[in-house]
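Welcome, and thanks for taking a look at this one. Below is a short tour of the contacts between the chains, the sheets, and some local backbone details.

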Amino acid sequence: MRHKNNQAVGQRASVTGCREMPVATATFGEVQQHSVAGHPRWLRISHWILAASVFTLAVSGVVILMAHPRLYWGAVGNDLTPALFELPIGRNYKHGGWAAPLTFFTGANQVVSAARTYDIFNQNGWARSLHFLAAWFLVVTAIIYLGAGLIGGRLLRNLVPRFHELSPRLLWQDVVAHLRLPMPRATGGPPYGVLQKLSYFGVVFLALPLMVVTGLTMAPAVTAAYPVLLDVFGGSQSARTIHFFAFAALVLFLVVHVAMVVLTGFKHQMRVMILGD
Amino acid sequence: MNKDRLLISRRKLVTGFASTGGLLLAGCSPKELPPTYGNVLRMGDLLTYRAFRMLLPAQSLAREYAHGDISSSPAVGNTNPADSQQPTFNADRGPLYDRLRTGDFADWRLRVEGRVARPASFSLADLKRMPAKTQITKHTCEEGWSAIAEWRGVPLRTVLEAAGIMPSARFVNYYAYDDIAEGIDMLDALHPQTILAYGMNGRDLPLAHGAPLRMRVETQLGYKSVKFLERIVVTDEFDDLGKIGSLQNGWAWYVGI
């Protein structure tokens, strides 16, 4: 199996190394025919550790959000200040349990305090610790994945779209190819179509790093050490809101990713990501 | 591309993880670190604590804001230790707190004991005579919200030095008039922004915010800034503070994150 895989890698290198070959511009259907199965072992192992980490982070993150399902913009935000929007998740949504306020300052920017009289839903004791434990797995695995992928050139070669691939015509062709059912069977692995490259690139180089950095911008010890993070995101509550939107984008990716795996041959796709070919 | 050249062997990977973990976890005797009780979540907390202490510059200052940035502040958790309906009510200290409050806290004393050369107790007037520090900082609650307020008080460091910290001291634990206690390591205890606050937004600390004295630990989450302080105990070894501490209630001890 390993011997066969090595051959496959060799073939792919020669194909992508040749500029004249239109592999990179192939639309979805063509890619499936050209595709050579196989993912190296470091990629398969890190894929599944990252998948488990992201799943755990998502579940614990929603539990954390349910404790305070209000999002804000700026440095601060709480039940006594206006929200950007509120999410109807759990019983803390718009709960009305506040005692009569005490006024500190009057005027245009009135500052008050009020005591909470409502017993909120709060499972953050385990949810926060689980969130950070999963984040450690994610960060350490992502460093190994990025290191191995960048050193070998695999990530840049397979995930970064070439300039000519980004023409509206080719993008549109790939969109149309994705909407045609039934989907062609995949052999699994690269070379990827342009939409696939764009989504993987977005997850690996944009969404996940943004998740980690906005997450750290909510940590008081981290922002004390690196206050520039507060300036970059416009405050820790803005960072929390961006963290939420990046989460929503990752969930959207996950839904499409899993749907594509199912539609292009679930058994084979799983085999390729678990066993390599 | 040569696949073998890139391949990180699984054994090397595991060894790498293990030695990194060892680096982060070793170097202190167990009694100088929060216990994990064999709980994987507490192991993660411990990793975060060790990594933050190793990777972040020591005693950086939390951002201080302008007076115009002060926001409204919810008061959550216990808002009156004398209220027997509150879940952290203590049957002995609750009524005592009520009497002290009736007397405008004139008889209130903060005890400082444990690994200090001169165990002492300070009245509110004693604390107010010490050099005061005023800071406008952000309170970050584990629930997800935050608020900016002006806090006025005396640095914990000043009080600890007045009592004489022993060189072997490693932790500062503090107890409230209700069934709440917390602790911090010496790095956070001696942090210039860690203060014992008696004032909030230009007035005496309101009841719901911890009258007459509360802790402010600006480099950690809000629940380390315990309200209604009763006493401070300096220790050499880690103390999980039993049933009134965060750990045995399923909450992380170090919450700089």
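Which residue stands opposite B:Leu229 in E11(B)? B:Ala176 takes that place. Please keep in mind throughout that this is a predicted model. The points below start with the strand E11(B), then move to the interface and on to the individual chains.

**Strand E11 of chain B and its partners**

- E11(B) covers residues 229-235 and is mostly covered, with five of its seven residues buried.
- Strand E6 of chain B (residues 171-176) runs antiparallel to E11(B), and six bridges join the two.
- Strand E2 of chain B (residues 109-114) is parallel to E11(B) and is joined to it by four bridges.
- Within the pairing of E2(B) with E11(B), B:Val112 has B:Ile232 as its bridge partner.
- As background, strands of a sheet pair through backbone hydrogen bonds, in either a parallel or an antiparallel manner.

**How the two chains meet**

- The interface brings 51 residues of chain A into contact with 51 residues of chain B.
- On the chain A side, the elements giving two or more residues are the helices H1 (2-17), H3 (41-67), H4, H8 (220-225) and H10 (236-263), together with the strands E3 (102-105) and E4 (111-115).
- H4(A) gives the most to this side, with 12 residues.
- By class, the chain A side divides into 31 nonpolar, 15 polar and five charged residues.

**The crossing of H4(A) and H3(B)**

- Helix H4 of chain A (residues 124-151) and helix H3 of chain B (residues 40-55) have axes that come within 9 Å and cross at roughly 65°.
- The crossing of H4(A) with H3(B) is left-handed.
- From H4(A), the contact uses A:Trp126, A:Ser129, A:Leu130, A:Phe132, A:Leu133 and A:Trp136, while H3(B) brings B:Val40, B:Leu41, B:Gly44, B:Asp45, B:Leu47 and B:Thr48.
- Eight nonpolar, three polar and one charged residues make up this contact between H4(A) and H3(B).

**A sheet shared between the chains**

- An open sheet of three strands has the order E3(A)-E4(A)-E1(B), with mixed pairing.
- Its edge strands are E3 of chain A and E1 of chain B, each of which pairs on one side only.
- From one strand to the next, the twist averages 20°.
- The link across the chains is between E4(A) and E1(B) (residues 73-75), which run parallel and are joined by three bridges.
- Two residue pairs show where these strands meet: A:Ser113 has B:Ser73 as its bridge partner, and A:Ala114 stands opposite B:Pro74.

**Chain A on its own**

- Chain A has 11 helices and four strands, and 36% of its 277 residues are buried.
- Among contacts in chain A with a separation of 6 or more, 70% come from residues 24 or more positions apart.
- The 28 residues of H10(A) should span 40 Å at 1.5 Å a residue, and the end C-alpha atoms are 40 Å apart, so the two values agree.
- The buried residues of H10(A) include A:Arg240, A:Ile242, A:His243, A:Ala246 and A:Leu250.
- Just after H10(A), A:Gly265 takes a positive phi of about 110°.
- The loop between H6 (168-179) and H7 (194-216) of chain A holds A:Pro182, which is joined to A:Leu181 by a cis peptide bond with omega of about -5°.
- A:Pro191 also lies in the loop between H6 and H7 of chain A, and the peptide bond from A:Pro190 to A:Pro191 is cis, with omega near 0°.

**Residues to look up in chain B**

- B:Leu156 is in helix H6 of chain B (residues 156-163), and it counts as buried because 25 other C-beta atoms lie within 10 Å.
- Outside its close sequence neighbours, up to four places away, B:Leu156 touches B:Val172, B:Ala189, B:Thr194, B:Ile195 and B:Leu196.
- B:Leu156 and B:Leu196 are 40 residues apart in sequence, yet their C-alpha atoms are 5.8 Å apart in space.
- B:Gln59, in the loop between H3 and E1 of chain B, has a positive phi of about 55° although it is not a glycine.
- B:Gln59 counts as partly exposed because it has 15 C-beta neighbours inside 10 Å.
- B:Leu241, in the segment after E11 of chain B, is not a glycine either and has a positive phi near 65°.
- B:Leu241 counts as buried because it has 20 C-beta neighbours inside 10 Å.

Key
Residues are numbered from 1 along each chain as its sequence is written. Chains are lettered from A and ligands numbered from 1 in the order in which they are written. This is a predicted model: local features need pLDDT of at least 70, side-chain atom pairs count only at pLDDT 80 or more; totals for chains, interfaces and linings use all residues. Axes are lines fitted to C-alpha atoms, for helices over the stretch in contact, and angles run from 0 to 180 degrees between N-to-C directions. A crossing is left-handed if the near helix is turned anticlockwise from the far one by less than a right angle, and right-handed if clockwise. Two residues are in contact if their C-beta atoms, placed from the backbone, lie within 7 Å. Ala, Val, Leu, Ile, Met, Phe, Trp, Tyr, Cys and Pro count as nonpolar, Asp, Glu, Lys and Arg as charged, and the others, Gly among them, as polar. Two strands pair if DSSP finds at least two bridges between them. A residue is buried if 20 or more other C-beta atoms lie within 10 Å of its own, exposed if 12 or fewer, and partly exposed in between; C-beta atoms are placed from the backbone. The expected span of a helix is 1.5 Å times one less than its number of residues.
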